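Take a walk through this fold, one packing arrangement at a time. Keep the model open and turn it as you read.

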Amino acid sequence: MRKTHKKRRPVWIDLVFSTIIFSIILAGIIIIFTSTKNKATSPPKNTSNSADTEFPILTETINSNYPGIKIITKISNDPNAPFALQYPQSIHDSFNTKVKNYITDLKDRYLAEIADYNALGGGQTGELNISFETFPHHSGFYSFVLLNSTYIGGDSGFTEINSFRLNPETGNEITIEDVFEGDQKRLNKVSESVREILFNDESYKDKLFIEEATLHTEPEWDNFQNFAMTNESIVFYFNKYEIALGTAGIPIVSVPLERLSKFVAKEFKLSIEKNDDDIAIDNKLDLQEEDKTIDDYPDTAEKPAAPETDDAEITKEEPAKDNEEEDKAELPSVKKVALTFDDGPDPKVTTKILATLEKYNAKATFYMLGSRVEYYPEIAKDVSNAGHELGNHTWTHPDLTNASIKKINSEITRTSSIIEKVTGEKAISFRPPYGAINKTVRQQTNLPVILWDVDTLDWKHRNANQLLAHVKKNTRDGSIILMHDIHQSTADGLDAVLAYLNGEGYTFVTVSELED
């Protein structure tokens with residue numbers, strides 16, 4: 001038999017196989033090591049912007065007072081990145097998409113900034129609040145003004161106003177070109193009016209950036225797209241810091257429609273000729289207006305002053321007039337005023353307000369939102385420990401007159417419960433959001449319903465100086481003053497308000513003390 005010999009395999013093949021095997025083993029070791037490291041260093045899934053979070057977003061949809069418009073409310077109680085979003089929804093998808101995209105962009109930007117801070121070890125706690133107001137126009141369309149207040153931590157925060165206008169029948173957006181029919185000459189008149197009002201407004205004195213303010217009021221359509229329209233005026237909004245110092249707040253210019261009435265399109269004009277039926281209706285409305293009580297006015301409107309009375313007419317008997325005058329001389333006149341703060345607590349603003357109140361030995365009543373007490377229990381405790389009175393302002397600030405009885409009960413009872421749980425004190429009284437109250441709402445609580453007679457409009461002007469102006473103009477003995485402890489401008493302007501009231505001889509009392 002013939003003996004065969006196997007051919008030897010070349011050495012280089014063995015080297016190649018050995019190298020491949022070694023590379024595979026090395027890659028496996030690296031993958032295992034990297035995976036282990038990532039598990040050890042990656043943040044937990046329960047972050048503020050994680051989809052897998054234990055803080056679900058609570059969503060609620062209710063009807064508004066305006067036909068075809070619903071109110072969407074979204075709330076997250078994430079302690080690192082809480083937010084409360086409220087915005088309008090119509091029956092038109094195009095409008096809803098535009099508004100929702102705006103809201104979503106703000107929310108996503110806020111969560112991303114919080115995540116960035118935390119990634120750098122900042123441990124910041126933020127806050128995002130978006131609310132809106134509706135302005136109906138006699139033409140049938142609505143202006144929606146959305147207020148966005150974002151706080152990231154430290155000095156990282158901003159406030160802005162953005163507006164949307166809608167024809168509720170067609171779904172079309174109303175632009176400034178629609179109002180002035182795209183006529184450049186008419187736009188020139190708009191520019192002139194806005195500049196005249198802006199540059200002559202005392203509240204902006206020495207605060208305007210003249211060059212920037214001039215540039216942003218040039219007669220260009222894009223400069224005037226952020227606006228709202230009422231039956232009496234056209235209101236233009238500018239970005240904070242865009243044309244003025246931050247202390248000026250958000251620059252707002254309200255142009256009386258009578259100045260522009262002949263330039264606007266027919267459907268937007270100030271008034272139309274009225275027939276006898278229209279006049280009869282107006283007279284009826286005037287009579288109804290005279291019969292209104294303070295309960296009939298919304299949170300966003302200034303309330304009518306109580307009618308002044310003549311003591312001589314009230315006192316019909318005059319026998320002991322001299323003795324009465326002597327008694328009055330012996331008893332010093334004590335003027336009382338109740339300071340009230342809504343929508344808090346807030347870790348930054350409420351804390352500064354408490355310090356200012358302590359400076360003047362002033363006591364106040366704080367109408368708290370249950371959702372914010374849950375966010376900031378320590379701040380709520382600080383308010384209580386400082387000896388101030390606590391009030392109930394619902395859980396999420398809805399218009400209760402549009403809510404079911406179950407919803408009304410839940411909003412009030414949850415808030416009273418969390419206030420007592422956190423502070424150990426009961427809510428003394430109840431203030432309905434927007435001042436919206438009716439018989440059904442009153443029947444759902446045993447708490448006294450407290451409104452106000454002096455509205456500082458601090459939510460609107462965001463100007464520390466205007467806070468004092470409203471107080472000076474409207475405050476009298478026994479007044480209840482409405483402010484909000486969520487606006488920095490209110491905290492900044494409070495010292496001047498208290499100094500003025502103190503100088504006028506007012507004693508600061510809580511709401512319940514005012515009633516005594």
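Helix α16 passes helix α17 in a right-handed crossing. The model is a predicted one, and in it the two axes come within 7 Å. They cross at roughly 35°. Find α16 at residues 464-474 and α17 at residues 488-503. From α16, the contact draws on Ala464, Leu467, Leu468, Val471 and Lys472. From α17 come Ser489, Thr490, Asp492, Gly493, Leu494, Ala496, Val497, Tyr500 and Leu501. Sorted by class, this contact holds nine nonpolar, three polar and two charged residues.

Stay with α17 and turn to the nonpolar interior. The largest nonpolar core has 34 residues. Which of its members touch the most others? They are Leu339, Phe341, Leu357, Phe366 and Leu501. Helix α17 gives the most to this core, with five residues. Leu501 also takes part in the contact with α16.

Phe341 repays a closer look. Leave aside residues up to four places away in sequence, and Phe341 touches Ile353, Leu357, Ala364, Thr365, Phe366, Tyr367, Met483, His484, Asp485 and Leu494. Two of these names, Leu357 and Phe366, appear in the list of core members with the most partners. Leu494 belongs to the α17 side of the helix contact. A second core is separate from this one and has 30 residues. Among its members are Phe141, Val179, Met229 and Ile243.

Now move to a small sheet. Strands β7, β8 and β9 form an open sheet in that order, with antiparallel pairing. β7 (227-229) and β9 (252-256) stand at the edges with a single partner strand each, so one side of each has no neighbour in the sheet. From one strand to the next, the twist averages 15°. β7 pairs with β8 (residues 233-237) over three bridges, in the antiparallel sense. Within this pairing, Phe227 stands opposite Phe236 of β8. Helix α4, residues 184-199, lies across β8 and β9. Its direction makes an angle of about 120° with β9.

Another set of strands comes earlier in the chain. Strand β2 (residues 70-76) and β3 run antiparallel, joined by seven bridges. A hairpin of six residues connects them. Lys70 has Gln89 of β3 as its bridge partner.

On to the pairing of β3 with β4. β3 pairs with β4 (residues 127-136) in the parallel sense, over three bridges. So β3 has an antiparallel pairing with β2 and a parallel one with β4. Both senses have a common basis: strands of a sheet pair through backbone hydrogen bonds, either parallel or antiparallel. Leu85 has Ile130 of β4 as its bridge partner. Ala84 stands opposite Asn129 of β4.

Why is β3 largely enclosed by the rest of the structure? Five of the seven residues in this strand (residues 83-89) are buried. β4 is largely enclosed too, because seven of its 10 residues are buried.

Step back to the whole chain. The chain contains 18 helices and 16 strands. Of its 516 residues, 42% are buried. Consider contacts between residues at least 6 apart in sequence. Of these, 65% join residues at least 24 apart.

How values were computed. Residues are numbered from 1 along each chain as its sequence is written. This is a predicted model: local features need pLDDT of at least 70, side-chain atom pairs count only at pLDDT 80 or more; totals for chains, interfaces and linings use all residues. Side-chain values use heavy atoms; hydrogens and water are left out. Two strands pair if DSSP finds at least two bridges between them. Helices (H or I, at least four residues) and strands (E, at least two) are DSSP runs, numbered from the N terminus. Axes are lines fitted to C-alpha atoms, for helices over the stretch in contact, and angles run from 0 to 180 degrees between N-to-C directions. Contact means heavy atoms within 4.5 Å. A crossing is left-handed if the near helix is turned anticlockwise from the far one by less than a right angle, and right-handed if clockwise. Ala, Val, Leu, Ile, Met, Phe, Trp, Tyr, Cys and Pro count as nonpolar, Asp, Glu, Lys and Arg as charged, and the others, Gly among them, as polar. A nonpolar core is a set of buried Ala, Val, Leu, Ile, Met, Phe, Trp, Tyr and Cys residues joined through side-chain atoms within 4.5 Å. Buried means under 20% relative accessible area, exposed over 50%, partly exposed in between (1.4 Å probe, protein chains only).
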